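Work through the exercises below with the model open. Each one sets a task and then solves it in steps.

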Protein chains: 2
Amino acid sequence: MVFTTNTVSISQGPDPRSLIQKERAESKFNPQKMQYFLEGSKERAELIKQLLQQMERDPILFTDGSYYDFTKDQLRALTATKINRISRYLEGDSIDVFNRRLSLLGVFDPAVSTRIGVNLGLFISCIRGNGTYEQLKYWALDKETATIKGIYGCFGMTELAHGSNIMGLETTATFDKANDEFIINTPHIGATKWWIGGAAHSSTHCTVYARLIVDEEDYGVKTFVVPLRDSNHDLMPGVTVGDIGAKMGRDGIDNGWIQFSSVRIPRFFMLQKFCKVSRDGEVILPPLEQLSYSALLGGRVMMVLDSYRMLARMSTIALRYAIGRRQFKGDNVDPDDEEALETQLLDYPLHQKRLLPYMAAAYVVSAGALKVERTIEETLAELDDAVDEDDDAGIMKAIDAMKSLFIDSGSLKSTCTWLAAESIDQCRQACGGHGYSAYNGFGKAYNDWVVQCTWEGDNNVLGISIGKPIVKHVIAIEDDGKVVKGSSDFLNQLKDYTGSNGSKVILNNASDISDVKKIIHAIEIAIIRLSYEAGKTVRKESFDYVGAELVNITKLKAHHYLLSEYVRRVDEFDDSELKPYLYKLAQLYGATMVLDKFAGIFLTFNVASTGAITDLAKINIPQLCKEIRPNVVAYTDSFQQSDMMINAAIGKYDGDIYENYFGLVKQQNPPKDHKAPYSAALEAMLNRPSLEQRERFEKTLEAGEILSK
Amino acid sequence: MVFTTNTVSISQGPDPRSLIQKERAESKFNPQKMQYFLEGSKERAELIKQLLQQMERDPILFTDGSYYDFTKDQLRALTATKINRISRYLEGDSIDVFNRRLSLLGVFDPAVSTRIGVNLGLFISCIRGNGTYEQLKYWALDKETATIKGIYGCFGMTELAHGSNIMGLETTATFDKANDEFIINTPHIGATKWWIGGAAHSSTHCTVYARLIVDEEDYGVKTFVVPLRDSNHDLMPGVTVGDIGAKMGRDGIDNGWIQFSSVRIPRFFMLQKFCKVSRDGEVILPPLEQLSYSALLGGRVMMVLDSYRMLARMSTIALRYAIGRRQFKGDNVDPDDEEALETQLLDYPLHQKRLLPYMAAAYVVSAGALKVERTIEETLAELDDAVDEDDDAGIMKAIDAMKSLFIDSGSLKSTCTWLAAESIDQCRQACGGHGYSAYNGFGKAYNDWVVQCTWEGDNNVLGISIGKPIVKHVIAIEDDGKVVKGSSDFLNQLKDYTGSNGSKVILNNASDISDVKKIIHAIEIAIIRLSYEAGKTVRKESFDYVGAELVNITKLKAHHYLLSEYVRRVDEFDDSELKPYLYKLAQLYGATMVLDKFAGIFLTFNVASTGAITDLAKINIPQLCKEIRPNVVAYTDSFQQSDMMINAAIGKYDGDIYENYFGLVKQQNPPKDHKAPYSAALEAMLNRPSLEQRERFEKTLEAGEILSK
């Protein structure tokens, strides 16, 4: 019998703790080694552990179940307190260590990491991307912004009536030659800067995206550093800010709106790496317009890593619960055995199919996140070097790499953030009613997360803008025999799989599906045929007409990138004992997240046969789930997310779901408070006099007789 | 130029208001008449308008944008105040009028309607379903529960370790023959009653589901009325309650947990319509066990209606925004025209495809909701009559009808609540960043809504339990030539479409898809073939093995019910002018919500050809969207949801999205509060002394020299 802390038990209660401990003891592989794979190296894994330990023990940064009871106002203040605390670590961290710290913090308190990220990620990245080295040094280092001191920056891109279409922003920066100043102005309500993180209460400065106007000519959108508040934190003249107020989530962030009423800044507050205005009003334009938006790239890349950690966190909670929770007696129970316990949730094939793909996705996405993170670091360094050395060829090469990164990061950002959002929703549902309790983490996770699908490149807009060049490539291959380079080079197979080869089937049966490399090849052919078909429509109609197809192409492109990189990493991984366990997840990911989800496309374009799709449902998926099932505890333990990061009563390491959950509920809501503060009003309602009495007996028969006389 | 209230404009701002007004003026049909179709009759539509007017003008019941800024504690108290107010209307309402009122209230303040619904819906329904007429009269009328007076009831079904498996509940009700009492007891933590709405602070009584134990024999789960609090609202001895605390949504409800420690109730507190215990301890059992759970049926039926209103509300917000919002210059703009305005969001084919299906779904679901609501009223009345008259044949007939209702209401509840949840998420995303603002309604709508997918029958569990009898029917038709009756009678076509007829294609091309009756037939064949295939697997494996297929069968069954009933209603509708507009929505619903979503199944089982599915994407869906597009304002106006019900700044009737939104943001967050309450701490961080100074210069070179000596 289990010792229970929360009640006196007079009969045997449920014992989820033993279930998880037993399965943990029987694991076939070592989660510690698996963790090295997930984080890329032993060194990185250990750094992460050190950083987590510092934060878990820190009296201010630590997060627990009480987090779920804070109001917006409390979260705002608490977030500021945490930023203050973090700034002290920052004074000692290298920038790499600090980024790692911030990324981890984002798992258990995303509002804090965003509120810092806007300052150090977006504000400084904008200056880095658009300013000269001296401008970067001045604003970031000399003025101590980089250690959250002196200046607090915000990022003034979006406006009330303009989000995705940055080129259409309407705030103006008019050059006043006489005074050698720019006049920043908000011409009308639609141009009000909107959603600006930190603007409401924190920021002292803003990198403002505004139309450069010189001598009445509009040179398009450029970037300017505009002070919002002085060193006393009082608003500058002409600056109006306000609080955006209540949001779906991330309550800790003081998102704001800004209106500029003819605010004057010196000419040298313009960021001028690529565009300058001389004292005389001569404008020197950038070689490549979109470089000014490179500030967003870093955020997109970070969101792929965030998606990995979210997938890991959600699947860990739901799977631990599914191991400890029993429900009904399934087909694995002898119906004649009256004493038999109910079946563990995770022993139902449907429950496996609902949850294991998200666990597999965490593994697969981790590999893609590491790769794209490495790529951006290299690319930005190359660009900076080339600019410093005035190396034009180097600049153009880095710009090419940046374009390719735009495709990869955009397709990954949209696909992975959607996938993570879906995992939160599905994992919550898999925990039944308890998934709806705030203390199990799903609600806040969802509300905080889903903005990732919208900000810094709306997922659908990204889907279109990445699908479009792919279709253009295909049209160019068809028409001009173009040869595509880079991560989309598989498109060059076009003529082997379209036209008279348009019905060549790649996946014929269960055996083909179990070969991940065949699945990867099938994704290529699906992209080719879908793009080819979309291209035909584009010739007759327009790109707008095939928007839905473009989004699907982008998703498939991301799955191709992720699965290819994951398999490559598994192939080269030096721990051969782990390889089969890793490979099985690739198979499950391919079978569920790609083939099952896009079955309509794979069938329509003859990439898979109907036999293959039947086998998928009847053979591959159930079989893979069954093989993965025994090691689920080890697979999820490998994420090494501590109880603080998990922050879900039913998802703790010890698996003691009911005691942990009930204990937290009682701690946060002491049973002695069994009368509500408003109980008197409630009791007055229940004990109210009769309707007749409250109507002063005016409608009674007696009254009727008098009043009718 | 637009007159702007929120800023002084110096140049032309956006003018969304004119866009919606222009489209409204150009509408091709009358939304008022369409409203009669949606609500079933002119009378019903007018009743709804009267009830809404009463509530909109009521100083306590009225809801506006400030709703989104309340804390949990504020919402709890406000909800109680609203219940008090509602109770006064109730004293004058007929039960039908009151149910209608409560259903409308559920659109703009779901916590209030749930908190009342638990009392009047579940508590009283449980007594109605399981108690004798005298028991119902005593508890509901004589004790005035039905007017929320004297007694406040809650519904004690689920336990911490038991949700879906009601038969496995562990609370005990042991008969104490000596004292003629039952002893209600919670044996261990897992049997703690959990999620009980109203238990934390409101309820005086609970209908408790507990195992009946007589002479140490366990007779399974029965129902008992157990007082929790006395008339002073003090807890009864042996009763412990607590607050469940923070949830994902519905903060206004005081969900609680209850533990009973040998609580004694008189024998006659047992509900005994179908099961009695005599003074001597003799147990008379019910003819059909599951009848005791009929309390949940009413709630499921109500959720279909809720789904209609949610689909209508969400699509109205997102579509009004999509009409007023401009973004990029699409293919419909002359690229040479520099003065051209950006394209309205809703003129992009992708945006149409993303949103119009939810609007169509609102129409289609409305028809199914009306039908299933009518069915339950008739069935319950028949059952009550038969029981009153001791008419055994009548009871059995009503029980058959109840079984059929279980199938229909369960498949509709799960499918429609999922669909509504999806619509909230998708409509929010379609509004970009503004969808994430609390003031536009999506966040709270989602958080309040998604519990509908879990409570009163988890959607996946329902999916399995409804798919299973369908597959069993198919097996019985195959093996024994069984003939199926009722709403699944189409299964009798089994042999015409399986075996050697297994590849007969129903939908061949765009023309077939445009025929809704062919789509309905195709759904039948898809259900038949999927069930037949699942049946083959069941013979080899088990029902658990095909859980995912069972859920899909259930979804298709619901779509079949909805689409059939909708088409039937349209066919018999007396306004022939509206028919083409109604029919077009059925086509779009069939094309998107059925064929596009289940393309994998339709292709795998040869119900549709690949050519048909290609046409679907290239021809049918874009064409239907284009035809529906001009009347979107009229279609959404037809829902006649007032601005209070919509409660979204960007979704108001006047379409003045930016002014309304900015105005509300300013009202709730006055710009004068541009320093946060915690600003001093923030400023202290920014203006903190240098690290060296804070370290008391202990790490300086000078200190180093001294300390190294």
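Buried means under 20% relative accessible area, exposed over 50%, and partly exposed in between. The model is predicted.

**Exercise 1.** Classify Lys273(A) as buried or exposed.

Solution. Take the relative accessibility of Lys273(A), 17%. The cut-off for buried is under 20%. So Lys273(A) counts as buried.

**Exercise 2.** Find what the side chain of Lys273(A) meets in a salt bridge, and place both residues.

Solution. The partner is Asp384(A), at 3.7 Å from N to O. Lys273(A) sits in the loop between β9 (263-266) and β10 (276-277) of chain A, and Asp384(A) in helix α9 (residues 349-388) of that chain. They are 111 residues apart, so the pair links distant parts of the chain. Asp384(A) has a relative accessible area of 21% and is therefore partly exposed.

**Exercise 3.** Compare the burial of Lys177(B) with that of Asp215(B).

Solution. Start with the contact: their side chains meet in a salt bridge at 4.0 Å, N to O. The pair ties together parts 38 residues apart in sequence. Lys177(B), at 37%, is partly exposed. Asp215(B), at 58%, counts as exposed.

**Exercise 4.** Describe the surroundings of Asn647(B).

Solution. Locate Asn647(B) in the loop between α21 (643-646) and α22 (657-668) of chain B. Its relative accessible area is 8%, so Asn647(B) is buried. The Asn647(B) side chain reaches the backbone oxygen of Asp64(B) at 3.3 Å. Residues that Asn647(B) touches include Tyr67(B), Arg313(B) and Tyr439(B).

Note on methods: Residues numbered from 1 in each chain as written. Chains lettered and ligands numbered in written order. Predicted model: local features only at pLDDT ≥ 70, side-chain atom pairs only at ≥ 80, totals over all residues. Heavy atoms only, no water. Helix = DSSP H or I, 4+ residues; strand = E, 2+ residues; numbered from the N terminus. Buried < 20%, exposed > 50% of the residue type's maximum accessible area, 1.4 Å probe, protein only. Polar contact = N/O pair within 3.5 Å; in protein donor to acceptor, adjacent residues only side chain to side chain. Contact = heavy atoms within 4.5 Å. Lists of a residue's contacts leave out its neighbours within four places in sequence.
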